[in-house]
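Biologist: Got a minute to walk me through this one? Let's start with how you sort residues by exposure.

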Amino acid sequence: MSSQALIRPAWTPATIALMVGGFMIFWPLGLAMLAYILWGDRLETFKRDVNRGTDRFMGSFKRSGFKPGFAERTGNVAFDEWRETELSRLDEERRRLNEAASEFESYARELRRAKDQEEFDRFMRDRNARRSERTGADNSPVVDGQPA
């Protein structure tokens with residue numbers, strides 16, 4: 001996911017426009033967009049929790065000996081053992097890939113937050129500088145026609 005995503009769970013012009021448009025077209029669409037803006041960051045955690053729960057549930061079938069698609073043995077012990085070893089290796093690889101994807105998602109989310117914080121800090125510095133320029137020029141005391 002790009003850190004420049006237009007539609008992300010934040011108050012961006014695109015999400016606000018979609019929310020307003022959703023309310024104008026059909027109010028549940030606007031409400032759904034509002035919910036996404038407010039609680040969209042929690043969707044990743046929810047998805048990860050559901051995936052882990054499903055993996056645990058399906059793992060209980062595997063431990064009990066039930067194997068969808070491979071319910072019957074081939075009769076060749078060497079092949080069956082090789083297949084079990086490969087399936088276990090693939091399951092472990094899938095688990096590692098899912099963990100890496102999860103770590104990257106949290107890293108990208110933190111980068112977006114840091115970038116947003118940096119932009120906000122820059123805005124505040126510029127804003128304060130403009131204010132101090134205005135107040136310094138307007139409110140500076142004048143003595144004998146010369147600024148003090």
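Modeller: Sure: buried means under 20% relative accessible area, exposed means over 50%, and partly exposed is in between, using a 1.4 Å probe and protein chains only. Keep in mind that this is a predicted model, where local features need pLDDT of at least 70, side-chain atom pairs count only at pLDDT 80 or more, and totals for chains, interfaces and linings use all residues. Residues are numbered from 1 along each chain as its sequence is written, and side-chain values use heavy atoms, with hydrogens and water left out.

Biologist: Is Trp 82 buried, exposed or partly exposed?

Modeller: Trp 82 has 49% relative accessibility, so it counts as partly exposed. Phe 79 is also partly exposed, at 36%.

Biologist: How far apart are the ring centres of those two, Phe 79 and Trp 82?

Modeller: The centres are 5.7 Å apart and the planes sit at 35°, so the pair is tilted. Rings of Phe, Tyr and Trp (its six-membered ring) pair if their centres lie within 6.5 Å; planes under 30 degrees apart are stacked, over 60 edge-to-face, and the rest tilted.

Biologist: Where do Phe 79 and Trp 82 lie?

Modeller: Both are in helix 4, residues 77-139, three residues apart, or about one turn of the helix. Helices here are DSSP runs of H or I with at least four residues, strands are E runs of at least two, and numbering goes from the N terminus.

Biologist: How many aromatic pairs does that rule give?

Modeller: Two. Phe 104 and Tyr 107 form a tilted pair, 6.4 Å centre to centre with 40° between the planes. Phe 104 and Tyr 107 are three residues apart in helix 4, so about one helical turn separates them.

Biologist: Switching topic: what's the order of helices and strands along the sequence?

Modeller: It reads α-α-α-α-β-β, with four helices and two strands.

Biologist: And at what angle do helix 1 and helix 2 cross?

Modeller: Roughly 155°, with the axes of helix 1 (residues 13-25) and helix 2 (residues 27-39) coming within 5 Å. Axes are lines fitted to C-alpha atoms, for helices over the stretch in contact, and angles run from 0 to 180 degrees between N-to-C directions. That makes the two helices roughly antiparallel (over 145 degrees; under 35 is roughly parallel, 65 to 115 roughly perpendicular, the rest oblique).

Biologist: Which residues make the contact?

Modeller: Among them are Leu 18, Met 19 and Phe 23 of helix 1, and Trp 27, Leu 31 and Leu 34 of helix 2. Contact means heavy atoms within 4.5 Å.
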